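Please look over the entry below with these notes at hand. They begin with the aromatic rings and then turn to the nonpolar core and one strand residue.

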Amino acid sequence: MPINIQSIKQKLDAHLGQELTIVAQAGRKKVTRRRGVLKNTFPAVFVVALDQDSNNFEHASYSYTDVLTKNILVEFDDEADAE
């Protein structure tokens with residue numbers, strides 16, 4: 001698990017264009033899973049193009065801080081470990 005925002009961004013930069021699953025806390029005892037492709041990384045956020053079959057909108061953005069604080073979990077299809 002990366003321990004700072006810089007290392008999280010670098011790890012995500014290495015996976016641009018790859019499919020992933022985002023598991024996010026949606027409230028008390030509720031989680032949401034969204035599948036998509038990592039499209040862009042910016043200094044504070046990263047953008048995921050979502051799978052249109054299971055989502056009502058095309059893109060979602062998440063902050064690196066959410067990954068660092070474990071509010072969201074990023075799982076790449078080609079990796080067994082999660083961030």
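How many aromatic pairs does the count come to? The count comes to two, where rings of Phe, Tyr and Trp (its six-membered ring) pair if their centres lie within 6.5 Å, with planes under 30 degrees apart counting as stacked, over 60 as edge-to-face and the rest as tilted.

1. This is a predicted model, in which local features need pLDDT of at least 70 and side-chain atom pairs count only at pLDDT 80 or more, while totals for chains, interfaces and linings use all residues. Residues are numbered from 1 along each chain as its sequence is written, and side-chain values use heavy atoms, with hydrogens and water left out.

2. One aromatic pair is tilted and joins Phe46 to Tyr62, at 5.8 Å centre to centre and with 35 degrees between the planes. Phe46 lies in strand 3 and Tyr62 in strand 4, 16 residues apart, so that the pair links distant parts of the chain (strands are DSSP runs of E, at least two residues; helices are runs of H or I, at least four; both are numbered from the N terminus). Phe46, Tyr62 and Tyr64 form one aromatic cluster.

3. Phe46 is buried at a relative accessible area of 0%, and Tyr62 also counts as buried, at 10%; buried means under 20% relative accessible area, exposed over 50%, and partly exposed in between (1.4 Å probe, protein chains only).

4. The largest nonpolar core (buried Ala, Val, Leu, Ile, Met, Phe, Trp, Tyr and Cys residues joined through side-chain atoms within 4.5 Å) has 16 residues. Those with the most contacts inside this core are Leu12, Ile22, Phe46, Val48, Ile72 and Val74.

5. Val23, found in strand 1, is buried at 11% relative accessible area. The C-alpha atoms of Val23 and Arg33 are separated by 4.6 Å, although the two residues are ten apart along the chain.
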